[in-house]
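Open your viewer and keep the selection box handy. Where should you click, and what will you find there? Let's walk through it together.

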Amino acid sequence: MRITSALAAAAILTLAAACGGGGGAQSSSAPNEPVKINFLSLAWQKESVAANKQLVDEWNKANPNIQVTYVQGSWDNVNDQLVTQFAGGTAPDVIHNDSPALSGFASDGYLLDLKDKLPAELKSDIPQPAWDTVTFDDGKGQQGVYGVPFLQESQVIIANKKLLDASGVRVPTADSPWTWDEFSAAAKKMTKDGNFGVAWPMKSPVNKTLNLALNFGGTFFQTADGKTTVKVGPEEREVLQRIHDQLYKDKSADPAALGQGTADPLPAFYKGKFALLPAGVYLRQQVAEQAPEGFEWVTLPAPKGTSAQQGAVSQTLSIAQDSKHPDEAMKFIAFFLNGPNQAKLAKGDWLLPTSQAAAADPAMTTKENGWDVATASAKNLVVAPFLKVNGFDEWKTKVATPTLQEYFANKITIDQAASKLVEDGNKVLERYQR
């Protein structure tokens, strides 16, 4: 998920003070005192923090016997903090995180299995593919649900409306997205007068390419006889090759964007240096807030291959195994993540709610700022295959990121990239399966 370093220093102090001295494991209440619960939130955008705090305030006013303390955390260091707090028995009762982090904590016994605690209304409001992102082995061969998934991210294309209209290409819709062939043809048509059709910022290439690889059934991992290995076959190569072709065969992709982070190309985008910017749905916020006056933009669905599927990772709320008040914590989570409240949280974070009731909220389906296209894309999200791979984070950091950067910089061939991803990757995974 998205990270900002602005909160990091403050978060360390806040977490230490609010959790280290009185987390869920230590909280207790005298008979006539309210139950006290600590809620660790990783919200960081101004709108999102405001929405989180507003909902906590609403809960506390309506539930004088169960009082929730809002604790501000940071994506930058949350898992290191939690390791320390879990070990010391001082973890918060309710923990905001993302689904890839839950697997290890669940197998270590630090998170409560929620499958028998979920209220029926909450469980039925969130589709099964979202629940799949938080369902993990408990380390003893049993499957458990270790969080409630509430926000997800999909890939879309942000387009310069003036250049899109001038090109005369078919404008894709949520019901009829471009195929990858159409996408490539459109980018070529918009490449002229020294400007490009598309920009691919690939400073962090792994999640974007792996999630889009599902367009062609590319999973990058396979499991047989209990052993997981890296797989880079024809399905996994499709998206990699197509992006590479835009850069070096069609020359329709702006090479200046290649080493940039997701938001870095925006100034050039506003100047018309390229027409199309594939990105996560959250980037719409910066465009809406920072684009120069008069700049018109639209949100287009991501292209489709043999399917329109994309990999999904969820933001989640979990309950610490050592919480003294798990039932009260679940009541708070059920309130916090009901349909109307998820709509508020999604709007504040510019992400997609998992709640079907929230997705139907008029705020989530308006054409303004592309919410209709963004929300419609949620139907294509399936559990990201890498989510279940023990050792994925190390593979991503040490093997996949540098290898894909080399490939997209045209320093190695796709065959060489595939060999590195598989051979070096399997050495990493092997250490996690002994």
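The tour below starts with confidence and then moves from element to element.

**Before you click**

This is a predicted model, in which local features need pLDDT of at least 70 and side-chain atom pairs count only at pLDDT 80 or more, while totals for chains, interfaces and linings use all residues. Residues are numbered from 1 along each chain as its sequence is written, and side-chain values use heavy atoms, with hydrogens and water left out.

Colour by pLDDT, the predictor's confidence in each residue on a scale from 0 to 100. The chain has a mean pLDDT of 91, and 93% of its residues reach 70 or more. Now select residues 1-28, where pLDDT stays under 50. Where pLDDT is low, the predicted coordinates should not be read in detail.

**Stop 1: E1, H2 and E2**

Helices (H or I, at least four residues) and strands (E, at least two) are DSSP runs, numbered from the N terminus. Select strand E1, residues 35-41, together with E2: they pair in the parallel sense over seven bridges. Two strands count as paired if DSSP finds at least two bridges between them. From E1 the chain crosses through helix H2 (residues 46-62) to E2, and this β-α-β crossover is right-handed. To check the hand, point the strands away from you: the path from the first strand over the helix to the second runs clockwise in a right-handed crossover. For a matching pair of residues, show Leu40, which stands opposite Val71 in E2.

Next, colour by burial: buried means under 20% relative accessible area, exposed over 50%, and partly exposed in between (1.4 Å probe, protein chains only). Five of the seven residues of E2 (residues 66-72) are buried, so this strand is largely enclosed by the rest of the structure.

While you are here, pick Ser48 in helix H2. Is Ser48 buried or exposed? With a relative accessible area of 2%, Ser48 is buried. Leaving out residues up to four places away in sequence, Ser48 touches Ala43, Gly348 and Asp349, where contact means heavy atoms within 4.5 Å.

**Stop 2: the four-stranded sheet**

Select E8, E11, E7 and E12. These four strands form an open sheet in the order E8-E11-E7-E12, with mixed pairing. E8 and strand E12 (297-301) stand at the edges with a single partner strand each, so one side of each has no neighbour in the sheet. In the middle of your selection, E7 and E11 pair in the antiparallel sense over five bridges, and Ala159 stands opposite Leu276 in E11.

Zoom in on Phe274, also in strand E11. At 1% relative accessibility, Phe274 counts as buried. Beyond its neighbours within four places in sequence, its contacts include Leu163, Phe196, Asp254 and Phe269.

**Stop 3: helix H8**

Add helix H8 (residues 180-189), where Trp180, Phe183, Ser184, Ala186 and Ala187 are buried. Seen down the axis of H8, these buried residues fall within an arc of 160°, so they line one face of the helix; the arc is that of the directions from the helix axis to the C-beta atoms. They pack against strands E7 (155-160), E8 (196-198) and E11 (274-280), and against helices H9 (206-213) and H10 (234-248).

Finish at Thr179, in the loop between helix H7 (161-167) and H8. Thr179 is partly exposed, with a relative accessible area of 29%. Setting aside neighbours within four places in sequence, Thr179 is in contact with Pro303 and Lys304.
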